[in-house]
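User: I'm new to reading structures and I'd like to know what stands behind the words people use. Can we go through this one together?

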2 protein chains.
Amino acid sequence: MLTEDRYSTILETVNINGSATLAELCTLLDTSESTVRRDLAYLDEKGMLVKVRGGAMSAHSTDNFTALERDVAEKALLFNDEKVAIAKYAASLIEEGDFVFLDAGTTTEKMIEFLPEKNVTFVTNAFVHAMKLAKRGFRVFVPAGEIKVTTEAIVGADCIKSIEEYNFTKSFIGVNGISLSVGFTTPDKTEAEVKRAVIANTRKSYFLADHSKFDKITAVNIAPLTEGKIITDKVENKKYVTEASVKEVMR
Amino acid sequence: MLTEDRYSTILETVNINGSATLAELCTLLDTSESTVRRDLAYLDEKGMLVKVRGGAMSAHSTDNFTALERDVAEKALLFNDEKVAIAKYAASLIEEGDFVFLDAGTTTEKMIEFLPEKNVTFVTNAFVHAMKLAKRGFRVFVPAGEIKVTTEAIVGADCIKSIEEYNFTKSFIGVNGISLSVGFTTPDKTEAEVKRAVIANTRKSYFLADHSKFDKITAVNIAPLTEGKIITDKVENKKYVTEASVKEVMR
DNA sequence: ATTGATTTTGAAAGTTTTTGACTGGTTATG
DNA sequence: CATAACCAGTCAAAAACTTTCAAAATCAAT
């Protein structure tokens, strides 16, 4: 097997599952730990994935900053099916002629493959999303702004200004915390500002979050729960169903 | 078996499977390793496939936007050494405090690894460049605009508008044609417009092109030769040296 | 057909790169 | 704090590569 083929297989695995453990890759490639380690080091250096303890993660993931860094093995299984279900449902909401904002993040990224082949225009502040959307044949715009290297997203004052020039029919926003008292929250100030600007210029906003994000408050406030509809896999706390508009895709 | 037949068999195999190992091809063609090696070297030089350790890979960048394919494609790049030399010199021109526009394209992309560790801010309309620059620790902005899928660049009216808000100290522009009569040209109208806007808002513009671009005119006009300095590997036609400002990095 | 020049081929020698095992140190976990 | 998982570094063996050279094939005339 060629080195390049190993690289491809690793990248494919990591990108599809969001992450992969060292042991998994050794079995898959039928090669030694040393070699996989070296491959990961190379791919990490090239920025094609992110090496973490125990394996590697996709380079394009943003939803994973709840202060603690999770173990990869855990992360690999963690809520992937739920995210796919959420993404699938969210994608189905898009209609002919829509002008849609797609937020950065893994869940919104997953939406792209499920999008219907329609005449829809997108705006997104995530590089990967922009490229994927364009490759799928949609018309895609990006706002101006500064690059935030950790999340590969566009943020900042210029970004807000760009977004204010648009009026979206729908927007799909990822959030890291949902709470009855403070509403939607996210860990990063600059990203929160972008999300706020988007919501202010959108007819109907959808907030995407798996069940683990409920009853959780992160650093920066985005909006109250009344600002849009929540799309999630399921909610334990029934108060959310009465106090906010919630769609549970796995119940 | 005819040499040409071997060539076509190799290409067929490589293109269908995406790659092939040396051993595979030896068996398939029933010939010696030396011969297959020579064939691969030839086909690689002609750009019909990309030779890698252990075999060869298809030269066609497929529909997937992975950095690996970019890496592979890079090896197949025409005039690679020349482009590296040009990029290296161009990078050395950047000084502390500069506010630089970096155009989309392979030569400007190569500049990034040679950039000095200085306090410099960049604006670029190419996704890949933006990410690479940010990873290297520079402050990076992108203009707003529409995604052009073929070149992975940002273009369009919004892009021009964004660029007009800046005043660059230096800009590095890639061009596809340089001619004494019409000046700098490029094949794409939308990209030409962006380049023009950049030049209009730059104190000192540099035009990057290898020697193959001289005495060549492509579809859309960008600017006359007097608009900036040309950085190239070498020029055959000495008229350019007298009529324009030219730096030859390989002479 | 034969001769000599030219090109192509396969084998061999020597060099470089990659690989997998092993070492000992570090980090998580119960 | 003990144990297991993980990781960086080292090293020798294996694989792949480059260069060189002579034999074989091809060609181009006589």
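Analyst: Sure. Let's begin with a term: two strands are said to pair if DSSP finds at least two bridges between them. One thing to keep in mind throughout is that this is a predicted model.

User: What makes E7(A) and strand E6 of chain B a pair?

Analyst: The rule asks for at least two bridges. E7(A) and E6(B), residues 139–142, are joined over two bridges, in the antiparallel sense, so they count as paired. In that region, Glu146(A) stands opposite Phe141(B).

User: How do you know how many residues of chain A are in contact with chain B?

Analyst: Two residues are in contact if their C-beta atoms lie within 7 Å. By that test, 28 residues of chain A touch 33 residues of chain B. On chain A's side, helix H1 (3–17), helix H7 (127–135), strand E6 (139–142), strand E7 (145–148) and helix H8 (157–163) each bring at least two residues. H1(A) has the largest share, with six residues. Sorted by class, that side of chain A has 16 nonpolar, five polar and seven charged residues.

User: What makes the radius of gyration of chain A agree with a compact globule?

Analyst: You set the value against the rule. For 251 residues, a compact globule would come out near 18 Å, and chain A has 18 Å, so the two agree. The C-alpha atoms fill a box of roughly 55 × 40 × 35 Å along the principal axes. Chain A's secondary structure is 10 helices and 15 strands.

User: What share of chain A is called buried, and why?

Analyst: A residue is called buried because 20 or more other C-beta atoms lie within 10 Å of its own. In chain A, 49% of the 251 residues count as buried.

User: And why is Ser34(A) listed around DNA strand D?

Analyst: The cut-off is a C-beta atom within 6 Å of the strand. Ser34(A) is on the list, and so are others, including Arg37(A), Arg53(A), Arg37(B) and Arg53(B). Helices H2 (22–29) and H3 (33–45) of chain A and helix H3 (33–45) of chain B each supply at least two residues there. That surface has three nonpolar, four polar and four charged residues.

User: Which residues come nearest to DNA strand C?

Analyst: Of the 14 around it, those are Ser32(A), Ser34(A), Thr35(A), Ser32(B) and Thr35(B). H3(A) gives the most to this surface, three residues. By class, the surface near strand C has no nonpolar, 10 polar and four charged residues.

Technical notes. Residues numbered from 1 in each chain as written. Chains lettered and ligands numbered in written order. Predicted model: local features only at pLDDT ≥ 70, side-chain atom pairs only at ≥ 80, totals over all residues. Helix = DSSP H or I, 4+ residues; strand = E, 2+ residues; numbered from the N terminus. Rg over C-alpha atoms; globule rule 2.2 N^0.38 Å. Buried ≥ 20, exposed ≤ 12 C-beta atoms within 10 Å, placed from the backbone. Nonpolar A, V, L, I, M, F, W, Y, C, P; charged D, E, K, R; others polar.
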